[in-house]
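Reader: I am new to this structure and would be grateful for a close look at one part of it. Please choose a single helix, describe it in detail, and then place it beside a few other features of the model.

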Amino acid sequence: GKASTAFQLAARSMSTSRVTIEHAKNMPKNYDEMPNDVLLSMAIMGDQEAREERLIREIMSVDNISWEEAEIKFLHIVDVNRQGLWMATLPYKLGIVTAVSVATLSIPMIFEINTVLWFNELYVTSDVPEAKDLETPLEVGSFAWNWMEPPLGQASFFLLCMQYARAQMQNLGIKPYTESFRHRRAARLVEAFPQYNRYVLESFSEGDPLSGAPVNR
């Protein structure tokens, strides 16, 4: 009856609204195939490859050149944006090396008996337990923890305070080092290429990775 007819109409409507094979084949697969409105939305949401493609199209529009020619100019802009990057990221590199080194050294400093006894003899001069109380790594760790706990605890508390200070800086709108560097770099790029839209340049520059990883072109 009426229910069967309604179901048939609904099924027919669904079948006609489904995506066809031809429509699926025409789906954009790369950023340079996407329409401007989709690309703009992705760039606003923080997709760096969309920001790169948006900058290329900005170059095409302003310089009236092809995509291939604009890509060459884009790569030049990338090089300019990354000038001085090695020195600017030196604090991060030193931090990585220091953190990995300290984390690795902390294990034998607590659990390896020869290292613990050597450090105690040179810098602590604490009474050494009897040999039967240093037979396992956990017993060695219990002995070493007497002097390892204060520096490790203080380091943890220091980092916690620094994290809290950084959070309060952000609450006040004060840019910590990373955000401040990204902002200055974007301003420098806008000054170097004033013919292009400043917001397109700033968006690209602030999202460009500090690692200097190759762009996905």
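Author: The account below begins with helix H4 and then turns to a residue of a neighbouring helix, to the largest pocket and to one further residue. The model is predicted.

Helix H4 covers residues 48-63, 16 residues in total. The C-alpha atoms at its two ends are 22 Å apart, and this agrees with expectation because 16 residues at 1.5 Å a residue should span 22 Å. At the start of H4, aspartate 47 places a side-chain oxygen within 3.0 Å of the backbone nitrogen of glutamate 49. At the other end, the helix is followed by asparagine 64, which has a positive phi, near 55 degrees.

Which residues of H4 are buried? They are Gln48, Ala50, Arg51, Glu52, Glu53, Arg54, Leu55, Ile56, Arg57, Glu58 and Ile59. What do these buried residues pack against? Their partners are three helices: H3 (36-44), H5 (67-81) and H11 (198-207).

Helix H11, one of those partners, contains glutamate 202. Glutamate 202 has a relative accessibility of 17%, and it therefore counts as buried, the cut-off being under 20%. Its side chain makes a polar contact of 2.7 Å with the side chain of arginine 198. Leaving aside residues up to four places away in sequence, glutamate 202 touches Ala186 and Val190.

The next feature is a space between residues. The largest pocket holds about 180 Å³ of space. Its lining consists of Gly95, Thr98, Ala99, Val102, Leu152, Ala155, Ser156 and Leu159. Two helices, H7 (90-111) and H9 (137-171), each contribute at least two residues to this lining. Sorted by class, the lining has 5 nonpolar and 3 polar residues, and no charged residues.

Helix H7, which supplies part of that lining, also holds leucine 105. Is leucine 105 buried or exposed? With a relative accessible area of 53%, leucine 105 is exposed, because the cut-off for that class is over 50%. In the chain, leucine 105 and alanine 43 are 62 residues apart, and their C-alpha atoms are separated by 43 Å.

To return to the request, H4 is thus a helix whose buried residues pack against H3, H5 and H11, while the lining of the largest pocket draws at least two residues from each of H7 and H9.

Conventions. Residues numbered from 1 in each chain as written. Predicted model: local features only at pLDDT ≥ 70, side-chain atom pairs only at ≥ 80, totals over all residues. Heavy atoms only, no water. 1 Å grid on protein atoms, 1.4 Å probe; cavity = no way out; pocket = protein on both sides within 12 Å on 5 of 7 lines; lining within 4 Å. Points joined across faces, edges and corners; volume = space filled by probe spheres on them. Helix = DSSP H or I, 4+ residues; strand = E, 2+ residues; numbered from the N terminus. Nonpolar A, V, L, I, M, F, W, Y, C, P; charged D, E, K, R; others polar. Expected span 1.5 Å × (residues − 1). Buried < 20%, exposed > 50% of the residue type's maximum accessible area, 1.4 Å probe, protein only. Contact = heavy atoms within 4.5 Å. Polar contact = N/O pair within 3.5 Å; in protein donor to acceptor, adjacent residues only side chain to side chain.
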